[in-house]
Amino acid sequence: MNEPPDGGPSTRLWFGRVFRALRGERSEPGDRRALVRLLRDAERRNVLGPDALAMIEGALSVGDMQVRDIMVPRAQMVVIDGDRPPEEFVGAVVESGHSRFPVIGDNRDEVEGILFAKDLLSHFARNGDNRFNLADAMRRAVFIPESKRLDVLLREFRAGRNHMAIVVDEYGGVAGLVTIEDVLEQIVGEIDDEHDTGDEHLISAHSNGEFTVKARAPVEDFNEYFNSAFDDEESDTIGGIVVRAFARLPSRHEQVTLDGFRFTVVRADKRRVHLLRVRPLGDEGGAD
């Protein structure tokens with residue numbers, strides 16, 4: 001049976017159901033899942049395009065995700081040593097392509113502020129080798145806990161007109177950093193620019209013994225990092241290995257244990273898995 005054209009009774013009824021769900025007029029626990037089902041039904045009816053659906057599902061998912069799921073781990077942060085003269089780190093600033101850099105003291109737990117690349121480069125463009133005062137140039141650092149929800153963080157980024165936050169663990173130590181781009185990528189997908197190499201931060205280690213792994217990480221890289229032996233003839237990516245284990249496209253929060261690793265789906269849409277949480281199990285391992 002053909003669907004009625006846009007604006008017909010069936011379409012208006014569908015939009016009414018979506019608006020009621022968004023306004024929270026229903027209170028049963030399955031409301032969000034019901035809303036996702038409505039949106040996927042809209043995509044089947046050609047009311048929504050697949051890219052729009054993926055973005056809406058991404059926007060809904062940030063309410064369940066925490067900063068620890070997407071942050072750049074401490075060991076992978078590109079930082080500036082506050083005790084070094086600018087001529088020693090300006091090259092690294094240019095090469096990295098980043099726009100903001102944590103300024104540290106004696107170690108990475110002592111983040112003293114944030115340096116904007118534009119402030120440093122503007123100084124060198126105007127003043128040449130004249131002394132650059134790092135203490136005067138750097139901005140205040142914002143600190144947030146690992147457990148902060150992404151939707152809350154995005155609101156804070158917008159309200160404070162801030163683009164970077166330093167993530168601290170339960171003991172007050174620096175666990176990593178997160179940017180507004182990291183949050184937006186959970187909604188719109190990967191945002192690559194001319195500085196991205198395609199393999200940056202595919203695997204990120206966390207202090208609790210878990211790892212965040214992008215599903216597009218090559219199996220070869222995963223094996224090298226974890227000293228594992230997954231077969232890259234079955235699939236080129238670790239996400240493909242996980243999907244094959246489920247024999248279907250898994251949803252968020254679903255888990256599977258393979259060859260001594262527990263994989264938890266952190267982000268997925270109806271077309272692919274995007275992000276995984278991985279915990280090596282050692283001798284506990286097996287296969288679900």
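**Overall fold and packing**

The accessible surface of the protein chain amounts to about 16200 Å², and carbon and sulfur atoms hold 46% of that area. The model is a predicted one. Its chain is built with ten helices and twelve strands. Of the 288 residues, 44% are buried. Among contacts in the chain with a separation of 6 or more, 49% join residues 24 or more positions apart.

A helix pair offers a good place to look at packing in detail. Helix H3 (residues 50-61) meets helix H8 (residues 180-188) at an angle of about 130°, and the two axes lie 6 Å apart. H3 is therefore oblique to H8, since angles between 115 and 145 degrees fall in that class. On the H3 side, the contact is formed by Ala-54, Met-55, Gly-58, Ala-59 and Ser-61, while H8 contributes Gln-186, Ile-187 and Val-188. Sorted by class, this contact contains five nonpolar and three polar residues, with no charged ones.

Turning to the interior, the largest nonpolar core comprises 23 residues. Within this core, the most contacts belong to Val-213, Phe-222, Phe-230, Ile-238, Phe-263, Leu-276 and Val-278. Two or more core residues come from each of strand S9 (211-214), helix H9 (219-226), helix H10 (238-246), strand S10 (255-258), strand S11 (261-268) and strand S12 (273-280). Val-213 illustrates the arrangement nicely: leaving aside residues up to four places away in sequence, it touches Leu-202, Ile-203, Phe-222, Phe-226, Ile-238, Leu-275, Leu-276 and Val-278. A second core, separate from this one, has 19 residues, among them Ile-70, Met-71, Phe-157 and Ile-180.

Conventions
Residues are numbered from 1 along each chain as its sequence is written. This is a predicted model: local features need pLDDT of at least 70, side-chain atom pairs count only at pLDDT 80 or more; totals for chains, interfaces and linings use all residues. Side-chain values use heavy atoms; hydrogens and water are left out. Helices (H or I, at least four residues) and strands (E, at least two) are DSSP runs, numbered from the N terminus. Buried means under 20% relative accessible area, exposed over 50%, partly exposed in between (1.4 Å probe, protein chains only). Contact means heavy atoms within 4.5 Å. Accessible areas come from the Shrake-Rupley method with a 1.4 Å probe; for residues, only the protein chains shown count as cover. Axes are lines fitted to C-alpha atoms, for helices over the stretch in contact, and angles run from 0 to 180 degrees between N-to-C directions. Angles under 35 degrees count as roughly parallel, over 145 as roughly antiparallel, 65 to 115 as roughly perpendicular and the rest as oblique. Ala, Val, Leu, Ile, Met, Phe, Trp, Tyr, Cys and Pro count as nonpolar, Asp, Glu, Lys and Arg as charged, and the others, Gly among them, as polar. A nonpolar core is a set of buried Ala, Val, Leu, Ile, Met, Phe, Trp, Tyr and Cys residues joined through side-chain atoms within 4.5 Å.
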